[in-house]
Amino acid sequence: MPTKPDATLLPKAAPADGPLIEIDDLHVQFALRTNAVARLLGGSSGTVNAVDGINLQLAQGEVLGLVGESGSGKSTLGRALLGLVRPTGGSIRYRGQELVGLPESQFRPLRRKLQMVFQDPHASLNPSMTVGRAISDALRIHGLHPGTDQRRQAVATALERVGLAPAGRFIDKYPAELSGGQKQRAVIARAIALGPELLVADEPISMLDMSVRAKILGLLEELRHDLGLTYLYITHDLASARFFCDRVAIMYLGKIVEIGPVAEIFDNPRHPYTQALLRAVPDPDPSRSVPRELPRGEIPDAADAPGGCPFHPRCPEAFAPCGWEPRDVRMVLEQRWTSVPPDQYAAESRLVADGPKFATRVSPTSALIHGASGSPNELLQLLEDERAARPEEPLWTGVTGMQVSGRAVRLELVPPAVPHLQPVEGSGVSVSCHLFHEPHPE
Ligand SMILES: Nc1ncnc2c1ncn2[C@@H]1O[C@H](COP(=O)(O)OP(=O)(O)O)[C@@H](O)[C@H]1O
Ligand code: SF4
Ligand SMILES: [Mg+2]
């Protein structure tokens with residue numbers, strides 16, 4: 001029979017006065033290793049803004065979901081919280097204490113309070129160590145339960161608390177002898193044995209069999225209540241976020257684009273990206289199934305993020321101030337060329353210059369589109385033809401003029417404005433989109 005968890009061996013988090021975690025204007029940049037050739041070919045600036053100005057608070061005991069496509073910066077934000085990557089700017093406070101810039105010697109004692117559960121439980125466990133040893137080593141490193149007997153009892157308590165009961169059956173097992181779900185339980189046992197307050201769970205169920213996913217989430221939910229845990233739950237699986245989270249933050253290219261209570265996000269999504277993500281979720285009931293509809297285009301390169309609103313190239317509702325750029329013109333032409341006969345493609349694509357020579361930005365509100373072969377009048381005609389063929393294309397709302405200028409076509413553009421995350425009155429939700437707040441060109 002499972003032993004009753006010993007309260008002294010699995011202590012509950014002490015109540016916090018204010019928010020447990022406060023994040024202000026957090027930035028994490030990574031340097032890219034680009035060589036001279038890549039730069040000449042129009043490569044990126046050499047840095048990725050993986051986390052790009054995030055503000056967030058976590059109340060004690062809440063589950064905040066962090067949702068977004070791959071590459072949106074979710075893991076980097078989680079890792080920054082635990083001091084596993086160094087922020088390039090901003091502040092993270094845990095119970096009021098600043099973590100950014102804290103020397104490792106002062107961070108070390110806090111580590112056991114801030115724990116992480118990763119996607120791959122197998123990679124999180126040392127294959128040559130029994131699970132009992134893995135947990136007891138973690139306790140030893142943090143100087144917890146110094147006596148051998150007490151430590152073994154603490155290990156057993158943690159194992160039984162996560163459902164690996166009776167502990168005697170699991171304590172001497174190697175990871176290879178456990179199923180995926182059991183391994184993830186062992187990883188969770190190792191984390192809770194240290195008496196954490198915040199658990200960053202980074203896609204903790206996405207590598208597990210369908211049949212055990214709900215059980216592991218159920219376990220995390222129980223531990224939240226019993227141990228007073230606070231979670232940052234990172235996922236690209238909206239269904240599990242809906243089930244598990246109190247609030248959800250939607251991330252796109254290093255920024256939070258919408259955040260609010262789970263019911264508001266799912267029942268009344270406001271940001272066009274949130275709406276697109278929700279439309280893309282396959283309905284479990286096939287009779288009600290809607291077509292998968294992801295935002296058009298690929299998620300852009302984070303090292304070369306679009307100007308204005310970073311979502312504008314994919315946004316079905318984008319309009320004049322959303323930040324139109326010459327590369328959006330290129331995208332529109334490339335879309336056109338996917339549906340024209342080969343000889344028309346050959347003739348038209350010869351008119352425009354390739355790669356970085358395609359356009360030059362003259363100012364935030366004007367750009368030159370450079371011709372290759374042919375006259376600039378032919379290039380202008382191509383652009384006019386495309387506008388006439390698809391006037392509903394959002395790009396054209398931002399183009400106020402096109403005329404020949406020397407060997408190029410000069411575009412006049414609406415001044416771009418960057419949206420900021422701001423509250424939508426009376427909803428508990430904040431959104432970063434010009435549809436909700438007056439655009440202010442910089
Ligand atoms: N150590 C690193 N070095 C360079 N770039 C990185 C590193 N870690 C993440 N990135 C980049 O940062 C961006 C965000 O990545 P990540 O936080 O892993 O996103 P997510 O977890 O949402 O998939 C991506 O463009 C990724 O390529
Ligand atoms: S500001 Fe809003 S409408 Fe404009 S591109 Fe961004 S998400 Fe779309
Ligand atoms: Mg990730």
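Helices here (H or I, at least four residues) and strands (E, at least two) are DSSP runs, numbered from the N terminus. Axes are lines fitted to C-alpha atoms, for helices over the stretch in contact, and angles run from 0 to 180 degrees between N-to-C directions.

You're looking at a predicted model, where local features need pLDDT of at least 70, side-chain atom pairs count only at pLDDT 80 or more, and totals for chains, interfaces and linings use all residues. Residues are numbered from 1 along each chain as its sequence is written, while chains are lettered from A and ligands numbered from 1 in the order in which they are written.

**Stop 1: the domains**

Start by colouring 21-236 as domain 1 and 324-413 as domain 2; these bounds come from an automatic or database domain assignment. Their centres, taken over C-alpha atoms, are 48 Å apart.

**Stop 2: three helices**

Now select residues 131-141, which is H5, and residues 180-193, which is H7. Their axes lie 9 Å apart and make an angle of about 20°. H5 and H7 are therefore roughly parallel (angles under 35 degrees count as roughly parallel, over 145 as roughly antiparallel, 65 to 115 as roughly perpendicular and the rest as oblique). H5 passes H7 in a right-handed crossing; a crossing is right-handed if the near helix is turned clockwise from the far one by less than a right angle, and left-handed if anticlockwise.

Show the side chains: Val131, Ala134, Ile135, Ala138 and Leu139 of H5 meet Ala186, Ala189, Arg190 and Ala193 of H7. Contact here is a matter of C-beta atoms, placed from the backbone, lying within 7 Å. By class, this patch has eight nonpolar, no polar and one charged residues. For the classes, Ala, Val, Leu, Ile, Met, Phe, Trp, Tyr, Cys and Pro count as nonpolar, Asp, Glu, Lys and Arg as charged, and the others, Gly among them, as polar.

Next, add H6, residues 148-161. H6 and H7 pack at about 130°, with axes 8 Å apart, and that makes H6 oblique to H7. The crossing of H6 past H7 is right-handed. On the H6 side, pick Ala154, Val155, Ala158, Leu159 and Arg161; on the H7 side, Ala189, Ile192 and Ala193. Seven nonpolar, no polar and one charged residues make up this contact.

What about H5 against H6? Their axes come within 9 Å and cross at roughly 120°, which makes H5 oblique to H6. That crossing is right-handed. Gly132, Ile135, Ser136 and Leu139 of H5 touch Arg151, Arg152, Ala154, Val155 and Ala158 of H6. This contact divides into five nonpolar, two polar and two charged residues.

**Stop 3: two backbone details**

Zoom to the loop between H6 and H7, where proline 166 sits. A cis peptide bond joins alanine 165 to proline 166, with omega about -10°. Then go to glutamate 203, in the loop between strand S7 (198-202) and helix H8 (210-227). Glutamate 203 has a phi near 50°, a positive value in a residue other than glycine.

**Stop 4: the ligands**

Which residues surround ligand 1? Select Phe30, Val48, Ala50, Gly68, Ser70, Gly71, Ser72, Gly73, Lys74, Ser75, Thr76 and Ala302; a residue is near a molecule if its C-beta atom, placed from the backbone, lies within 6 Å of it. Strand S2 (47-58) and helix H2 (74-81) are the elements that give two or more residues to this shell. The largest share, three residues, comes from H2. Sorted by class, the shell around ligand 1 has four nonpolar, seven polar and one charged residues.

Finish at ligand 2, which has 13 residues around it. The closest are Cys309, His312, Cys315, Cys322 and Cys433. Around ligand 2, the shell divides into nine nonpolar, three polar and one charged.

How values were computed:
Two residues are in contact if their C-beta atoms, placed from the backbone, lie within 7 Å.
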